[in-house]
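Open the model in your viewer and keep the selection panel at hand. The stops below follow one another, each with something to select.

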Amino acid sequence: MSRPIARVLTLLELLQSGGIRTVAELADRLGVDERTVRRYVDHLLDLDVPVESVRGRYGGYRLASGYRMPPLMLSDDEALAVLLGLVAGERAGLLTAAGAASGTAAAKIRRVLPERLGRRLDAVLGSLAFTAAPRAAAAPETAVLLAIADAVRHHRPVSVRYTAADGRSGERVLRPYGLVAHAGRWYVTGQDPAIGEDRTFRLDRIAGARILPGSFEPPAGVDPVERVLTGLATAPYRHEVTLRIRATAALIRTRLPASVALVEEEETAEAASGTAESSEGSERWSRVELRVERLDWLPGVLASLDRPFVIERPDELRGLVAALAARLARSARAEPNERN
């Protein structure tokens with residue numbers, strides 16, 4: 001490749017990195033004078049690459065936004081970042097219904113890479129192993145995701161066609177606060193103006209989304225992640241469980257994350273008076289609330305915390321904890337050669 005052509009492509013790569021580049025900066029990076037930089041810009045314009053000239057003290061050149069341009073110039077690090085991002089997104093289940101797009105995008109990037117870099121990236125992807133199995137979560141429609149994201153950004157209400165878990169479907173209006181990706185699924189949370197309450201919807205259950213006229217102001221300090229996790233933790237299930245555990249919320253969260261349980265630390269008398277000491281006797285208790293379909297997994301979780309706890313409800317959980325304790329005691333007393 002001749003040096004002028006190589007420099008024109010380098011100029012394109014510099015402009016693709018974003019922002020305004022001064023003529024002096026570009027001349028220094030390319031190793032040419034400012035007049036030659038302007039000639040290289042003319043070459044790009046002849047190729048229909050939309051380079052804009054920005055006047056003023058801090059002026060220079062930039063690319064027009066929203067332009068799909070070949071070739072896409074990627075450094076070694078950028079190419080690896082893109083390909084790993086596509087692989088990670090696919091395994092995490094965070095693709096849209098057009099999931100094949102990740103494969104075709106990766107193939108396009110791989111096809112235009114220099115052979116040297118292509119071999120190195122193939123070595124990384126071929127030797128990479130994951131500790132968790134890939135998720136097979138239902139994916140949302142691309143048009144739905146983009147429409148709701150636009151509504152979130154511009155504080156616009158959106159009408160969605162939603163199918164609930166029980167199969168009932170209908171048109172809903174939502175004032176969306178934010179999109180949240182959690183455990184391989186996409187969620188949108190916001191206010192349902194018809195009932196004046198916050199709602200959380202799974203995007204893969206939305207068949208269509210339409211932005212409505214008007215705008216709204218989200219509540220100050222709204223946290224979409226906290227609202228989604230709280231909604232998941234308080235969803236109606238077969239059993240309602242209330243516990244008190246002598247442990248900090250941070251410790252409890254290692255076994256019962258925010259999407260599973262609500263945890264609230266209780267203030268001790270010593271802490272309230274400012275005389276609390278760091279000892280087990282003065283360690284505060286936490287109130288834990290869960291809604292679950294099954295109870296059989298909870299005794300093992302409570303045992304793994306290794307902290308004192310009190311079961312407030314349901315009584316059925318007490319029997320399961322006692323049964324686990326009996327099994328552990330029998331195992332502890334068993335002789336090495338005993339199998340029954």
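Select Leu256 in this predicted model. Leaving aside residues up to four places away in sequence, Leu256 touches Ala261, Val288, Leu290, Trp297, Leu298 and Val301.

Now widen the selection to the largest nonpolar core, which has 20 residues. Leu256 is among the members that touch the most others, along with Val241, Leu243, Ile245, Val288 and Leu290. Colour the elements that supply two or more residues: strand 8 (239-245), helix 9 (249-253), strand 9 (261-265), strand 10 (286-292), helix 11 (298-305) and helix 12 (315-333). Which element gives the most to this core? Helix 11 does, with 4 residues. Another core lies apart from this one. That second core has 18 residues, including Leu15, Val23, Ala27 and Val37.

**The four-stranded sheet**

Show the strands in the order 9-10-8-11. They make an open sheet of 4 strands with antiparallel pairing. Strand 9 and strand 11 are the edges. Each has a single partner strand, so one side of each has no neighbour in the sheet. From one strand to the next, the twist averages 20°.

Zoom to strand 8 and strand 11. The two run antiparallel and are joined by 4 bridges. Pick Leu243 and look across: Ile311 in strand 11 stands opposite.

**Two helices on the sheet**

Bring back helix 11. Helix 11 lies across strand 8, strand 10 and strand 11, at about 15° to strand 8. Then add helix 12, which lies across strand 8 and strand 11 and runs at about 145° to strand 11.

Stay with helix 12. Its 19 residues should span 27 Å at 1.5 Å a residue, and the end C-alpha atoms are 28 Å apart, which agrees. Which residues of helix 12 are buried? They are Leu317, Val321 and Leu324. Look down the axis of helix 12: the buried residues fall within an arc of 60°, so they line one face of the helix. Strand 8, helix 11 and strand 11 (309-313) are among the elements covering them. Rotate to the face turned away from the buried side of helix 12, where Asp315 and Arg333 are exposed.

**Helix 7 and its cover**

Move to helix 7, residues 142-154. This helix has 13 residues and reaches 18 Å between its first and last C-alpha, close to the 18 Å expected at 1.5 Å a residue. Select its buried residues: Val144, Leu145, Ala147, Ile148, Ala151 and Val152. The cover over them includes strand 3 (158-163), strand 4 (169-182), strand 5 (185-192) and strand 7 (206-211). Step just past the end of helix 7 to His155, which takes a positive phi of about 55°.

**Two hairpins**

Follow strand 3 into strand 4. They pair in the antiparallel sense over 6 bridges. Tyr162 has Gly170 in strand 4 as its bridge partner. This hairpin has 5 residues between its strands, and Gly167 takes a positive phi near 95°.

Go on to strand 5. How many bridges join strand 4 to strand 5? There are 7, and the strands run antiparallel. Val180 has its bridge partner, Tyr187, in strand 5. Strand 4 and strand 5 form a hairpin with 2 residues between them. Finish at Ala183 in that turn, which has a positive phi of about 50°.

Technical notes:
Residues numbered from 1 in each chain as written. Predicted model: local features only at pLDDT ≥ 70, side-chain atom pairs only at ≥ 80, totals over all residues. Heavy atoms only, no water. Core = buried A, V, L, I, M, F, W, Y, C linked by side-chain atoms within 4.5 Å. Buried < 20%, exposed > 50% of the residue type's maximum accessible area, 1.4 Å probe, protein only. Contact = heavy atoms within 4.5 Å. Expected span 1.5 Å × (residues − 1). Arc of directions from axis to C-beta. Pairing = 2+ DSSP bridges. Axes fitted to C-alpha atoms, helices over the stretch in contact; angles between N-to-C directions.
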